[in-house]
Amino acid sequence: MANVMAQNRRGGLKRYYDVNGWLFIAPALLLIGIFLIYPIISSLTLSVYSGRGMMMKFAGFGNLVRIYNDPIFWKALTNTFTFFIIQVPIMIVLALVIANALNNPKLRFSGLLRTAIFLPCVSSLVAYSILFKSMFSVDGIVNRTLIGLGLMDQPLNWLTDPFWAKVVVITAITWRWTGYNMIFYLAALQNIDRSIDEAARIDGVPSWGRFFYLTVPMLKPVILFTTITSTIGTLQLFDEVYSLTEGTGGPSNATLTLSLYIYNLTFRFMPNFGYAATISYVIVVLVALLSFLQFYAVRERR
Amino acid sequence: MDTLPLKTFALRAALAGATLLAAAPAFAGEITIWCWDPNFNVAVMREAGARYTKAHPETTFNIVDFAKADVEQKLQTGLASGTTNALPDIVLIEDYGAQKFLQSFPDAFAPMTGKVDYSGFAPYKVELMTLEGKTYGMPFDSGVTGLFYRRDYLEQAGFKPADLENITWDRYIEIGKAVEAKTGKKMTTQELNNGGMTRIMMQSAGKWYFNADGELDVTGNAALKGALEAQAKMVKAGIVKPATGWNDYVNAFTSGDVASVVTGVWITGTIKAQTAQAGKWGVAPTPRLDMAGSTNASNLGGSSWYVIESSKEKDEAISFLAEIYGKDVEFYQKILADRGAVGSLTAARSGAVYQQADAFFGGEQVWQRFSDWLAKVPPVTYGIFTNELDNAVTANMQALIAGKPADEVLKDIEAQAQTQIQ
């Protein structure tokens, strides 16, 4: 009997803690529910509808079929992947090299240099894109400098040429984000015991060897993290291409990204919210896949 | 205005009388208006608001200036979300997009049939805002196009104003080459990511991306083919200074970098803002395509005012538009003289300002000329997918310039457009 009562009391206590626990997280849960879970579910239902503006009809898998047959979607997907396959490695390597150089204790003015390289990432996305647009315009400073140096005879139409427009986008995002990634590496480098590097130096390992066989492996988790966040960032690339091309993703859709295409489908073209929602789910699936890769790689290391 | 005190007085008295007789409910709200272009639509709306406030001091105006793309985006978001209190009372919509908004957001805009006398307006403007027998907006400006050129540059190259009258685009290219040889200036500028020039050329032959039934008309469209070929020819002939955006485009001709520009009459305000260039500009008819049916007149843009159905100030907004835009002839004279706004109210066309010579354009009667060309603009049906087709056309322009045969380019455009216009 006493045993049963004790059990009851313990059960009561458990319920007491349960109820209170849930009460404590209820406000947060409520907000997450309204602003995160509800939109996610609602956009998922939206993605099985299609139509013009508010005149939506149930379409089932119709939007997926349309994606499959839509050359502009595939163009946007290819562009997005081109951007991150070329840009992410360039940026990561650059950030690593700069971080390593700045970590050298003999370097003078390292604080100043560090700030200078990090500074671009404080600038607003739209502001720096507009800056790049004017720098790379036909009469822009880039053309004038190159002509002044005798490297070109004629101004190059950077933003009206499909190839060079991509180059400008990649240059711009590299300039903006390299410093950001560099900070992660610098922080990680400062946690590496200097004696490891010293021991290797005494053993006669050259500096490039110390960089590739000691520093890089020790930074692996941070490199992985920055690679994945950069990849996700590039998948969602929007502000830069929007500002550089006045929202068209031109020339010849050469800079059209998935996010910009979603924007156009919703706001510039005949509004088709269902189809746009379906494409946004493509980005969700891609991001989920890449995040899974991250977890997988981290688990392997342990 | 000061020169016509009697007439003004009579008009005001008549207006005041009409208002009293109508015994309209006393309005006392603030009318919020969204529009773009501070030198044009915003300035015109301020003038209209000031006129209305004179007769109805209790009505105030809140005119919000956005970029055109932002107006459309905010409007689309507001309509789609159903949060109507985020919307203005009156919004400006470009004519190309009118049917898109009317058809995709039914009951979002207030029908004004019966409240506005539409018979006084250019029929094409009324038609593009009519859906299923109801007419929804207040027709505003026309985008009749003209060839704006620098007299001084053309003269230096040995051309008289008469040499630019009623020419073809081929002749325009020839003149452009001569101008560059003599003055070192490019003939014109163009935004290659923008479909505006294609639309000007195509409409000059009475064609559009769609036929009258709204069906895609690309591969068999001789005017579209001609428009694309003419633009490729211009680029290949080297007479075009490419622009990478609207500001770049405007800067090319306001800074004196290029000798001419073909665009809508609404650019007049921007050109005349360069007071140092007074007397150096001239206006000629739009060049035509070298094909039967193409005229020396076309249209680019133009927009109209729409009242939001759910607006609290709906009746007040409609009464404002009907009173100023619907019948105030003097208002139209003022915005024409000040801003170059060619309204679509036919009664305003006989006003004195239309006959005035403009010293900025070397003493030409520019408004009379635009008015004459406006009467010749071939009517077309814009349909609901102009932005999609613009995108398909500009995306394939590079291939055409690179030498791909025009018929194949048209096939590519049609293929891209077909998946976009579902």
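**Exercise 1. Determine what covers the buried residues of α13(B), and which residues of that helix are buried.**

Solution. The cover of the buried residues of α13(B) includes α2 (41–55), α11 (268–272), α12 (314–324) and α14 (366–376) of chain B. The structure is a predicted model. Helix α13 of chain B spans residues 329–339. Its buried residues are F331(B), Y332(B), Q333(B), I335(B), L336(B) and R339(B). An α-helix has 3.6 residues a turn, so residues three or four places apart point the same way. Just after α13(B) comes G340(B), whose phi is positive, at about 75°.

**Exercise 2. State how confident the prediction is for chain B, and where in the chain the pLDDT is below 50.**

Solution. Begin with the chain as a whole: the mean pLDDT of chain B is 88, and 94% of its residues reach 70 or more. Next, locate the weak stretch: the pLDDT is below 50 over residues 1–24 of chain B. Beyond near neighbours in sequence, this stretch has eight contacts in the model. Where pLDDT is low, the predicted coordinates should not be read in detail. For the model, the scores are ipTM 0.77 and pTM 0.82.

**Exercise 3. Establish whether the radius of gyration of chain B agrees or disagrees with that of a compact globule, and describe the fold in numbers.**

Solution. The first step is the expected value: for 422 residues, a compact globule would have a radius of gyration near 22 Å. The second is the comparison: chain B has 22 Å, so the two agree. Along the principal axes, the C-alpha atoms of chain B fill a box of roughly 65 × 55 × 35 Å. In secondary structure, chain B has 16 helices and twelve strands. Buried residues account for 51% of the 422 residues in chain B. Among the contacts in chain B with a separation of 6 or more, 78% are between residues 24 or more positions apart.

**Exercise 4. Describe how chain B is divided into domains and what forms the contact between them.**

Solution. Domain 1 of chain B comprises 5–143 + 301–350, and domain 2 comprises 145–299 + 361–420. Their C-alpha centres lie 29 Å apart. The contact takes 20 residues from domain 1 of chain B and 18 residues from domain 2 of chain B. On the side of domain 1, α4 and α13 of chain B each supply at least two residues. The largest share of that side, five residues, comes from α4(B). By class, the side of domain 1 of chain B that touches domain 2 of chain B has seven nonpolar, eight polar and five charged residues.

**Exercise 5. Find the residues other than glycine in chain B with positive phi described here, and decide whether they are buried or exposed.**

Solution. Most residues other than glycine have a negative phi, and most peptide bonds are trans. D107(B) has a positive phi near 70°, and E132(B) has one of about 50°. D107(B) is in the loop between α4 (95–104) and α5 (123–127) of chain B. E132(B) is in the loop between β4 (130–131) and β5 (134–135) of chain B. For exposure, the cut-off is 12 or fewer C-beta neighbours within 10 Å. D107(B) has 10 C-beta neighbours inside 10 Å and therefore counts as exposed. E132(B) has 8 C-beta neighbours inside 10 Å and therefore counts as exposed.

**Exercise 6. Characterise the contact between chains A and B, and place A80(B) in relation to chain A.**

Solution. The contact takes 30 residues from chain A and 29 residues from chain B. On the side of chain A, α2 (62–69), α3 and α12 (258–268) each supply at least two residues. That side has 13 nonpolar, eleven polar and six charged residues. Turning to chain B, A80(B) is found in helix α3 (residues 68–81). Because A80(B) has 17 C-beta neighbours inside 10 Å, it counts as partly exposed. Leaving aside neighbours within four places in sequence, A80(B) is in contact with G53(A), M54(A), P271(A) and F273(A).

**Exercise 7. Identify the residues with the most contacts inside the largest nonpolar core, and the helix that gives the most to it.**

Solution. The largest nonpolar core has 176 residues, and those with the most contacts inside it are V168(A), V169(A), Y261(A) and V91(B). Helix α3 (residues 71–102) of chain A gives the most to this core, with eleven residues. Leaving aside neighbours within four places in sequence, Y261(A) is in contact with I72(A), F73(A), A76(A), L256(A) and I279(A).

How values were computed. Residues are numbered from 1 along each chain as its sequence is written. Chains are lettered from A and ligands numbered from 1 in the order in which they are written. This is a predicted model: local features need pLDDT of at least 70, side-chain atom pairs count only at pLDDT 80 or more; totals for chains, interfaces and linings use all residues. pLDDT is the predictor's confidence in each residue, from 0 to 100. Two residues are in contact if their C-beta atoms, placed from the backbone, lie within 7 Å. Helices (H or I, at least four residues) and strands (E, at least two) are DSSP runs, numbered from the N terminus. A residue is buried if 20 or more other C-beta atoms lie within 10 Å of its own, exposed if 12 or fewer, and partly exposed in between; C-beta atoms are placed from the backbone. A nonpolar core is a set of buried Ala, Val, Leu, Ile, Met, Phe, Trp, Tyr and Cys residues joined through C-beta atoms within 7 Å. Ala, Val, Leu, Ile, Met, Phe, Trp, Tyr, Cys and Pro count as nonpolar, Asp, Glu, Lys and Arg as charged, and the others, Gly among them, as polar. The radius of gyration is taken over C-alpha atoms; the globule rule is 2.2 Å times the number of residues to the power 0.38. Domain bounds come from an automatic or database domain assignment.
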